[in-house]
Amino acid sequence: EFLHEVIGKRITDVVYLPTEQLGFTQKEKRIIFDLYCEDQSLNRIIIEMQRSGQDYYENRTLYHMGRSISKSVKRGDREYKMEMTISLHLLDYRNDWFMDNDDFVRVIRLTDEKNRIFSKKVAIVLVNLCIFACGKKEVGLIDKRRKWVYLLKNMHRMTPGEEIEEKDPIFKMLYEASRLSN
């Protein structure tokens, strides 16, 4: 449900993949994803949580995506049939990508100078959690996407009775699971 709301893609099933990806040779860097999965259409989804800025973050993102893409192409495939790779980043710090307006989700794709899509096989989705640091009344939680992001940002500090008034069963399940684990 969360991935559907943030990415905008209907996902009915998720298979979790190994988060540690070794280099192709011993000298190559290994990767550890926060979460790595694929959906029912075999699209790869990398989920990263970043609580503070990091030097070369953009390069790291591209490197991680490149590893996922290269692993989706089968040996001997001369047509380079690859699955889509989506890299979703939950950013919990102020950053330049969100300084110009209040959009809390940015989707980055491979396009040319006229904004024509070069490839639909990659997407980077940046979610700015900082916009949701204020209380729910000020945020205006009018859609599910905003509710999900608000909850991710604030659930750890919520007390019973502070939940978003929501009839959707997925939020009720989330509140119950977090209450039990707390």
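**Exercise 1. Find how β7 and β8 are joined, and describe the link between them.**

Start with the pairing in this predicted model: β7 and β8 run antiparallel and are joined by 6 bridges. Next, pick out one matched position: T111 stands opposite I117 in β8. Then look at the connection. The two strands form a hairpin with 5 residues between them, and there N115 takes a positive phi near 65°.

**Exercise 2. Place β7 and β8 in the sheet, and work out which strands stand at its edges.**

Step one is to write down the strand order. The sheet is open, has 6 strands and follows the order β1-β4-β5-β6-β8-β7, with mixed pairing.

Step two is to look at the ends of that order. β1 (14-16) and β7 (105-111) each have a single partner strand, so one side of each is left without a neighbour in the sheet. From one strand to the next, the twist averages 25°.

Step three is to see what mixed pairing looks like here. β1 and β4 run antiparallel and share 3 bridges; V15 has E38 in β4 as its bridge partner. β6 and β8, by contrast, run parallel and are joined by 7 bridges. In that pairing, S87 stands opposite I124 in β8.

**Exercise 3. Describe helix α2 and say what it packs against.**

First, check the length. α2 covers residues 57-72, which makes 16 residues. From its first C-alpha to its last it reaches 23 Å, close to the 22 Å expected at 1.5 Å a residue.

Second, see where the helix lies. α2 lies across β4, β5, β6 and β8, and it runs at about 155° to β5.

Third, list the residues that are buried: Y57, T61, H64, M65, R67, S68, I69 and S72. Fourth, find their surroundings. These buried residues pack against β2 (20-21), β3 (31-32), β4 (35-39), β5 (44-50), β6 (85-91) and β8 (117-128).

**Exercise 4. Take T85 as a test case: is it buried or exposed, and what does it touch?**

Begin with its position: T85 is found in strand β6. Its relative accessibility is 0%, so T85 counts as buried, the cut-off being under 20%.

Now list its contacts, leaving aside neighbours within four places in sequence. T85 is in contact with R44, I46, M65, S68, I69, K121, V122 and A123. Among these contacts, M65, S68 and I69 also appear among the buried residues of α2.

Finally, look for a polar contact. The side chain of T85 makes one with the side chain of S68, at 3.5 Å.

**Exercise 5. Find the aromatic pairs and classify each one.**

Before starting, recall what to look up: a pair of aromatic rings is described by the distance of the centres and the angle of the planes. The count here comes to 2 aromatic pairs.

The pair of F2 and W148 has 5.7 Å from centre to centre and 65° between the planes. An angle over 60 degrees counts as edge-to-face, so F2 and W148 form an edge-to-face pair. This pair links distant parts of the chain, with F2 in helix α1 (residues 2-7) and W148 in helix α4 (residues 144-154), 146 residues apart. F2 is buried, with a relative accessible area of 15%, and W148 is buried too, at 9%.

The pair of F33 and Y36 has 4.5 Å from centre to centre and 45° between the planes, and is tilted. F33 counts as buried at 2% relative accessibility, and Y36 also counts as buried at 2%.

**Exercise 6. Locate S178 and classify its exposure.**

S178 is found in helix α5 (residues 169-181). With a relative accessible area of 22%, S178 is partly exposed. To relate it to another part of the chain, take H156: S178 and H156 are 22 residues apart in sequence and 8.6 Å apart in space, C-alpha to C-alpha.

**Exercise 7. Step back and describe the whole chain.**

Count the elements: there are 5 helices and 8 strands. Then read them from the N terminus on: α-β-β-β-β-β-α-β-β-β-α-α-α. Of the 182 residues, 40% count as buried. Last, consider contacts between residues at least 6 apart in sequence: 52% of them join residues at least 24 apart.

How values were computed: Residues numbered from 1 in each chain as written. Predicted model: local features only at pLDDT ≥ 70, side-chain atom pairs only at ≥ 80, totals over all residues. Heavy atoms only, no water. Helix = DSSP H or I, 4+ residues; strand = E, 2+ residues; numbered from the N terminus. Expected span 1.5 Å × (residues − 1). Buried < 20%, exposed > 50% of the residue type's maximum accessible area, 1.4 Å probe, protein only. Contact = heavy atoms within 4.5 Å. Phe/Tyr/Trp six-rings, centres within 6.5 Å; stacked < 30°, edge-to-face > 60°. Polar contact = N/O pair within 3.5 Å; in protein donor to acceptor, adjacent residues only side chain to side chain. Pairing = 2+ DSSP bridges. Axes fitted to C-alpha atoms, helices over the stretch in contact; angles between N-to-C directions.
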